[in-house]
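Let's take a friendly walk through a protein fold, one piece at a time. Keep the picture open beside you as you read.

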Amino acid sequence: MNEIRELEKIARLLEPDAVSRQQLLHHVTEYARRYLETVAHSPAYVTRSDNGRSLLDSPIAEEGIAIDKVLALLEENVDALGVNLTSGRYLGYIPAGGLFHAALGDYLAAITNRYAGLFFCSPGAVRIENMVLRWMASEIGYPSASAGNLTSGGSLANLTAIVAARDAFGIHGEAARKAVVYVTEQTHHCVDKALHVAGLDHCLKRRVRIDANYRMDAEALEQAIVADRKAGLKPWLAVASAGATNTGAVDALSSIGHIASTHGLWFHVDGAYGGLFVLCPEGKAVLQGIHQSDSVVLDPHKSLFLPYGTGTVLVRDQQKLYSAFNAEADYMENILDEVDELSPADLSLELTKHFRGLRVWLPLKLLGVAPFRAALAERMKLARYFYEQIKSTPGFEVGPYPDLSIVVYRYLPKRAKRDDADEFNHRLMQAIQKDGRIFISSTRVDGKLVLRAAILSYRTHLDEVAEALDIIRRKARQLEQE
Ligand SMILES: *Cc1c(COP(=O)(O)O)cnc(C)c1O
């Protein structure tokens, strides 16, 4: 008994009393306050030769240290360093958010730690998760018999959809050798990973030709399907991008959907970056036909500005998702009628999971949907503004008119030979990154190095875009004169 009491004394440190809780919270909220007050002016990119190495000088030890010391370590070695994706002047890869209201949801989800995997354990948590999924499904235009899952991100969501598509078509063993998947060179690499993890390396992959706007050529898709079927193969899966990561291009979803349904393929839309633009009328017009898909991926941690770890997969026919992931397939027939809500554990790889729904639901409840619709429409218009501005700046050439909120462009140096444009643009990007006030990235299209501006942070407004344009123009002029 004494031993137990001694252990209890130490173990009780795990449960702080009211005074310590208040103190800890105070420090953390102060830290957050300072962070949020400075984020508008802090650089979008900071490099430091130590790369935060002094974190390692404070190893995990038997005894804890004070909260102010811990927060100092975090500030100095984590938050002051690297790419700042919470900056409104971050226009790199795919910008992100981290809504304050969502952080409050995370705080509550961690404190109450509801078991959101199973309806029986927390009917309320599962209702919240399914409610936000149904909300997204209705915005996409899916029928009420669809189902989905809040995943950790787009990669896992794509994997989930591909497994459902695999099982729905019985693409296993030898059958996989004849199954054909249709993608383009703009398809996100996580689709390849998903096929690999799903045991489908043997499938045939057709990279369908793209048009001048980097969109899948629907006619070429249909020709390939017909030719493959004639050759005795089994056209199985058409993957369209609703906002390709590289160029932002949205494939012709309506035409692809029509072709997929005519020829009996599973139609999957990867809308991790762009799918949620259906929330604004301008986006909805571009994404026409997204509702025809059999499965769709959306990333609320991209285009709903939520913290990382929030992806979504929706499958038109809930039975297909359920059959692929529920553990006891035998009693499946009637379970769909008997339960109020399907459990995430029966629709995904996960059993015990983070109650992600709370960080989606809380901001939507507190703010309503209107600010999200406005922010997405604003992002599209900012991208168009950026495009027009760059296009009319002497020396710059632009790619296609942006479908959503990504612009590709490059500078054509006057003095250099045309072949040197790649090198010049690479140096231009480096000079801008070194400056650090804004962050842009580059990519390759048609074998050429191009600069890329992705406008998706909810903190990016006209002022930030104007500053970015100013920096890009100045740096190009400086380099040209060197
Ligand atoms: C970001 C992205 C992914 C991968 O999603 P993660 O959330 O990073 O796992 C997949 N497809 C597209 C089009 C994306 O933009």
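## Before we start

An axis here is a line fitted to C-alpha atoms, for helices over the stretch in contact, and angles run from 0 to 180 degrees between N-to-C directions. Please remember as you look around that this is a predicted model.

## Two helices that cross: H16 and H17

Begin with helix H16 (residues 421-435) and helix H17 (residues 462-481), whose axes come within 10 Å and cross at roughly 125°. That angle makes H16 oblique to H17. The crossing of H16 past H17 is right-handed.

Which residues make the contact? From H16 come Phe424, Arg427, Leu428, Ala431, Ile432 and Asp435, and from H17 come Ile471, Ile472, Lys475, Ala476, Leu479 and Glu480. Sorted by class, the contact of H16 with H17 holds eight nonpolar and four charged residues, with no polar ones.

## The four-stranded sheet

Now turn to an open sheet of four strands, ordered E10-E11-E13-E12, in which the pairing is antiparallel. At its edges stand strand E10 (396-398) and strand E12 (441-445); each has a single partner strand, so one side of each has no neighbour in the sheet. On average, neighbouring strands of this sheet are turned by 40° against each other, direction ignored.

E10 pairs with strand E11 (residues 406-411) over three bridges in the antiparallel sense. Phe396 has Tyr411 in E11 as its bridge partner. At the other edge, E12 and E13 run antiparallel and are joined by five bridges, with Ser442 opposite Leu451 in E13. These two strands, E12 and E13, form a hairpin with two residues between them, and Asp446 in the turn has a positive phi of about 50°.

## Alternating side chains and a helix across the sheet

Where do the side chains of E12 point? They alternate: Ser441, Thr443 and Val445 point to one face and are buried, whereas Ser442 and Arg444 point to the other and are not buried.

Helix H15 (residues 370-391) lies across E10, E11 and strand E13 (448-454), and runs at about 15° to E11. In the loop between H15 and E10 you will find Ser392. Is Ser392 buried or exposed? Its relative accessibility is 55%, so Ser392 counts as exposed, since the cut-off for exposed is over 50%. You can also compare Ser392 with Ala324: these two are 68 residues apart in sequence and 52 Å apart in space, C-alpha to C-alpha.

## The seven-stranded sheet

Another open sheet has seven strands in the order E3-E9-E8-E7-E6-E4-E5, and its pairing is mixed. Strand E3 (147-151) and strand E5 (204-207) are at the edges with a single partner strand each, so one side of each is left without a neighbour in the sheet. From one strand to the next, the twist averages 15°.

What does "mixed" look like in practice? E3 and strand E9 (residues 311-315) run antiparallel, joined by five bridges, and Gly148 stands opposite Leu314 in E9. Strand E4 (residues 179-183) and E6, on the other hand, run parallel with four bridges between them; there, Val180 has Pro235 in E6 as its bridge partner. E6 also pairs in the parallel sense with strand E7 (residues 266-271), over five bridges, and Val239 is matched with His268 in E7.

How many residues of strand E6 (residues 234-241) are buried? Seven of its eight residues are, which leaves E6 mostly covered.

## Helices around the seven-stranded sheet

Helix H5 (residues 123-140) lies across E3, strand E8 (295-298) and E9, running at about 65° to E9. Helix H7 lies across E4, E5, E6 and E7, and runs at about 170° to E5.

H7 (residues 189-197) also packs with helix H6 (residues 154-168), at an angle of about 50° and with their axes 9 Å apart. This makes H6 oblique to H7. H6 passes H7 in a right-handed crossing. Gly154, Ser155, Asn158, Leu159 and Ile162 in H6 meet Cys190, Val191, Ala194, Leu195 and Val197 in H7. By class, the contact of H6 with H7 has seven nonpolar residues, three polar ones and no charged ones.

Note on methods: Residues are numbered from 1 along each chain as its sequence is written. This is a predicted model: local features need pLDDT of at least 70, side-chain atom pairs count only at pLDDT 80 or more; totals for chains, interfaces and linings use all residues. Side-chain values use heavy atoms; hydrogens and water are left out. Angles under 35 degrees count as roughly parallel, over 145 as roughly antiparallel, 65 to 115 as roughly perpendicular and the rest as oblique. A crossing is left-handed if the near helix is turned anticlockwise from the far one by less than a right angle, and right-handed if clockwise. Contact means heavy atoms within 4.5 Å. Ala, Val, Leu, Ile, Met, Phe, Trp, Tyr, Cys and Pro count as nonpolar, Asp, Glu, Lys and Arg as charged, and the others, Gly among them, as polar. Two strands pair if DSSP finds at least two bridges between them. Buried means under 20% relative accessible area, exposed over 50%, partly exposed in between (1.4 Å probe, protein chains only).
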